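Subject: Structure handover and findings

Hello,

Here is the structure we spoke of. My notes follow below it.

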Amino acid sequence: MGSLFLNESAFQNLIGGVGLFNRRNQEEVEKVETKVWVCTSDDCNCWVRDNFKSSEVPACPICESEMEQTTRVIEILHNPSSAI
Ligand SMILES: [Zn+2]
């Protein structure tokens with residue numbers, strides 16, 4: 001059970017748009033305009049950060065639709081363990 005939760009949590013970091021992890025934080029959040037890929041399906045609001053895409057033109061990890069490149073102003077991801 002514990003490992004399942006960890007996996008879901010990692011998945012949430014990977015795909016920003018689902019919004020389940022809405023931490024209320026008193027600290028100011030640094031945001032930056034970031035290249036992202038958004039799902040083209042009307043029924044799906046998924047998006048991924050460009051540096052997490054698995055191929056040149058990624059498919060949506062939720063519904064496997066095509067994705068299109070755009071930019072969004074999103075939180076800077078502080079993740080020193082995956083800086084490569
Ligand atoms: Zn999708």
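Lys35 stands opposite Thr71 in E3. A second facing pair is Cys39 and Met67, the latter also in E3. The partner strand is E1, residues 31-39, which is joined to E3 by 9 bridges and runs antiparallel to E3. Strands pair here if DSSP finds at least two bridges between them.

Two points on provenance. This is a predicted model, where local features need pLDDT of at least 70, side-chain atom pairs count only at pLDDT 80 or more, and totals for chains, interfaces and linings use all residues. Residue numbers start from 1 along each chain as its sequence is written.

**Layout**

The chain has 1 helix and 3 strands. From the N terminus on, the order is α-β-β-β. Elements are DSSP runs numbered from the N terminus: helices are H or I with at least four residues, and strands are E with at least two.

How are the 3 strands of the sheet ordered? The order is E2-E1-E3, in an open sheet with antiparallel pairing. E2 (47-49) and E3 are the edge strands, and each pairs on one side only. From one strand to the next, the twist averages 40°. Axes for that angle are lines fitted to C-alpha atoms (for helices, over the stretch in contact), and angles run from 0 to 180 degrees between N-to-C directions.

E1 also pairs with E2, in the antiparallel sense, over 3 bridges. In that pairing, Val38 stands opposite Trp47 of E2.

**Burial and core**

Of the 84 residues in the chain, 7% are buried. A residue is buried if 20 or more other C-beta atoms lie within 10 Å of its own, exposed if 12 or fewer, and partly exposed in between, with C-beta atoms placed from the backbone.

Which residues make up the largest nonpolar core? There are 6 residues in all: Val36, Trp37, Cys39, Trp47, Val48 and Met67. E1 and E2 each supply at least two residues of this core. E1 gives the most, with 3 residues. A nonpolar core is a set of buried Ala, Val, Leu, Ile, Met, Phe, Trp, Tyr and Cys residues joined through C-beta atoms within 7 Å. As background, nonpolar side chains tend to be buried together in soluble globular proteins.

**Contacts**

Among contacts in the chain with a separation of 6 or more, 56% are between residues 24 or more positions apart. Two residues are in contact if their C-beta atoms, placed from the backbone, lie within 7 Å.

Two residues of E3 give examples:

- Val73 lies in strand E3, residues 67-75. Leaving out residues up to four places away in sequence, Val73 touches Lys31, Val32 and Glu33. Val73 and Lys31 are 42 residues apart along the chain, with their C-alpha atoms separated by 6.1 Å.
- Glu75 is found in E3 too. Outside its neighbours within four places in sequence, Glu75 is in contact with Val29, Glu30 and Lys31. Glu75 and Glu30 are 45 residues apart along the chain, and their C-alpha atoms are separated by 5.7 Å.

Why does Val73 count as exposed? Because Val73 has 8 other C-beta atoms within 10 Å. Glu75 counts as exposed because it has 11 C-beta neighbours inside 10 Å.

**The E2-E3 loop**

Ile62 is placed in the loop between E2 and E3. Ile62 is partly exposed because 16 other C-beta atoms lie within 10 Å. Not counting residues up to four places away in sequence, Ile62 touches Cys39, Cys44 and Cys46. The C-alpha atoms of Ile62 and Cys44 are separated by 7.9 Å, and the two residues are 18 residues apart along the chain.

Glu64 lies in the loop between E2 and E3 as well. Its phi is near 65°, a positive value in a residue other than glycine. Is Glu64 buried or exposed? Glu64 is exposed, because it has 11 other C-beta atoms within 10 Å.

Best wishes
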